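Trainee: I would like to go through this model step by step. Can we start with the sheet and work outward from there?

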Amino acid sequence: MGQAANESGAGRDAMRKGGRGHGAPAPGAVGGASSAAAQWERGSGAAQPMGAGGGRAPGRGAAAMAAMAGGGQRLCRRLEGETARAVLSAADTVLFDCDGVLWRGETAVEGAAATLGRLAAAGKRLCYVTNNSSRTREAYTEKLRRLGFPPSDTRHVFGSAYCAARYLRQALPPGAAAYVLGSPALAAELEAVGISPLGHGPAALPGPSPADWAQAPLDPAVRAVLVAFDEHFSYAKLCQALRYLLRGGTDCLLVGTNRDHRLPLEGGTAIPGTGCLVRAVETAAQREAIIVGKPTRFMFDCVASEFHIEPARTIMVGDRLDTDILMGNTCGLTTLLTLTGVSTLEEVKEHQESGCPARQSLVPHYYVDSIADLLPALGE
C-alpha cells in the first residue's frame, strides 16, 4: 500500500477530479493506487481513501500466505491441493464479487453456496463487493439467502450504491442534495444517510428549444451530481447534470459509481455499462469524475474501516481482471480469478507477456475454474 498523501495535495487532486465540495474528506492513512494501477485507471479519478483502520500485525499465517502467493509475484497459478489449503488457512477474510462469481442472473454457480458455507464454518469473514448499483444492501442480503448462501447481514455487503452514499455523506454539508442519474436503489441508499436524491427516474426536456432546456429550475440544495447505471439516461438528464455542475463549479462534486463500459450478458452479448454514462457527463462538463467502485480502492477502504481487516490476510475473488483483480492487487490482497464470468486465461497470458506494468497489474495470484474447486481444500 502506498504512502499517505498530504492534505494539500489531496485538495488539488479533488479539484481536478470531480471538484471539492464543502467538507469533502481529506485522505486517510492509506495511500492511493500503485502507479501501474493508476495508469490503467486513466488517471484513476478515484475517491479519496478513508483509511483501512486497525488490525493486528501480520503473524505466521500472513507470512505463509505471502509465501504461498509466490513472495509477492502474481503468476496466476491454479489454486489447488496443498497450496489451496495453505492459502485458505492463512486468510481470515474473503471478499467476493457477486455476478459471474457466486451467480449468473438468478441462478447460483454450482457449488458456490456450499463453498461459502464451508468457509463460514471455518470462521472466515465473508464480504461481498459489487459495482452493481441497482440493488440496495438489503436486496443483496435477500438474494444471498434466496440462492442458498450462508446467512449474512447488510454490514457484509458493499455495493457501489452504498459506497457512493457513504462518500457523499462525508463530502457534503448537512442538508445537501444530490442530482442522481441512477436507480431507485441508489436513491434509497442516499436517503438512508440523510442525502436527498433528486432526478432519478424518467425525465423529459422542459420545452421545445435549447433556450428552454437551459432555463429549467435548479434546486439550490444540490451539491453533487452522482452518475450510476440509469436505464432512463437521456439528453434531458445530461443537460440538467451539466447545468448543476456549471452552476456549482468545483463546489459541486461529480461522482461516478464505476467505469464498467460494458455489461456482459448470457450468450456472448452485452449492453453499455455505467462507464459510458459517466464518460458522457465528464465530456459535457470537461471534468473527471470521482469514482467510488472497483477498481479504485475506496470500496476496499469501506470494508476495511468497517471490519478493520488486514490486507495480508484477505483474499479477493472475482471474475474481472480490470475491476476485481486490479482492486485486489492495488490494495495488497491475495487475488483469485474464477473463470465462471468475464475474464479468461488467454487475457491473463496477454497481460503477463505484454511487458507493460499497467497491464501486468491485472494478473492475479491464482485462478480456479469455479469457486466450487475450493471445496476439496475445505474438507467436510
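Trainee: In what order do the five strands of the open sheet lie?

Mentor: This is a predicted model. Its open sheet has five strands, and their pairing is parallel. Read across the sheet, the order is S8-S7-S9-S10-S13.

Trainee: Which strands stand at the edges of that sheet?

Mentor: An edge strand has a single partner strand, so one side of it is left without a neighbour in the sheet. That applies to S8 (196–198) and S13.

Trainee: Which residue of S8 is the bridge partner of Ala-177?

Mentor: Strand S7, residues 177–181, runs parallel to S8, and three bridges join them. For Ala-177, the bridge partner in S8 is Ser-196.

Trainee: What angle does the direction of helix H7 make with that of S10?

Mentor: Helix H7 covers residues 160–171 and packs on the sheet. The strands touched by H7 are S7, S9 (222–227), S10 (253–256) and S13. Its direction makes an angle with that of S10 of about 165°.

Trainee: And at what angle does helix H11 run to S9?

Mentor: Helix H11 spans residues 274–285 and lies across S7, S9, S10 and S13. Its angle to S9 is about 140°.

Trainee: Where is the cis peptide bond, and which residues does it join?

Mentor: Most peptide bonds are trans. The cis bond has an omega of about 10°. Its proline lies in the loop between strand S13 (290–291) and helix H12 (298–307). The residues joined are Lys-294 and Pro-295.

Trainee: Cys-76 has a positive phi; is this residue buried or exposed?

Mentor: Phi of Cys-76 is near 55°, and the residue is not a glycine. Cys-76 sits in the loop between helix H3 (60–68) and strand S1 (77–78). Its relative accessible area is 10%, and the cut-off for buried is under 20%. Cys-76 is therefore buried.

Trainee: What is the relative accessible area of His-308?

Mentor: His-308 also has a phi near 55°, a positive value in a residue other than glycine. Its place is in the loop between H12 and strand S14 (314–318). His-308 counts as partly exposed, with a relative accessible area of 45%.

Trainee: How many disulfides does the structure hold?

Mentor: A disulfide is a covalent bond between the sulfur atoms of two cysteines. Cysteines here include Cys-252, buried at 2% relative accessible area, and Cys-276, partly exposed at 36%. The number of disulfides in the structure is zero.

Trainee: Which residues lie nearest the centre of the largest pocket?

Mentor: The largest pocket has a volume of about 880 Å³, and 32 residues line it. Elements giving two or more residues to its lining are strand S3 (103–104), helix H6 (137–146), strand S11 (262–264) and helix H13 (321–330). Nearest the centre lie Asp-99, Asn-132, Leu-263, Pro-264 and Leu-265.

Trainee: What distance separates the C-alpha atoms of Val-368 and Leu-337?

Mentor: Val-368 lies in strand S16, residues 366–368, and is buried at 1% relative accessibility. Beyond four places in sequence, Val-368 touches residues including Leu-79, Leu-336, Leu-337 and Asp-373. Val-368 and Leu-337 are 31 residues apart along the chain, and their C-alpha atoms are separated by 6.4 Å.

How values were computed: Residues are numbered from 1 along each chain as its sequence is written. This is a predicted model: local features need pLDDT of at least 70, side-chain atom pairs count only at pLDDT 80 or more; totals for chains, interfaces and linings use all residues. Side-chain values use heavy atoms; hydrogens and water are left out. Helices (H or I, at least four residues) and strands (E, at least two) are DSSP runs, numbered from the N terminus. Buried means under 20% relative accessible area, exposed over 50%, partly exposed in between (1.4 Å probe, protein chains only). Two strands pair if DSSP finds at least two bridges between them. Contact means heavy atoms within 4.5 Å. Axes are lines fitted to C-alpha atoms, for helices over the stretch in contact, and angles run from 0 to 180 degrees between N-to-C directions. A disulfide is a pair of cysteine sulfur atoms within 2.5 Å. On a 1 Å grid over the protein atoms alone, a cavity is a set of points where a 1.4 Å probe fits but cannot get out, and a pocket is an open set with protein on both sides within 12 Å along at least five of seven lines; lining residues have an atom within 4 Å of a point. Grid points are joined across faces, edges and corners, and a volume is the space filled by probe spheres set on the points.
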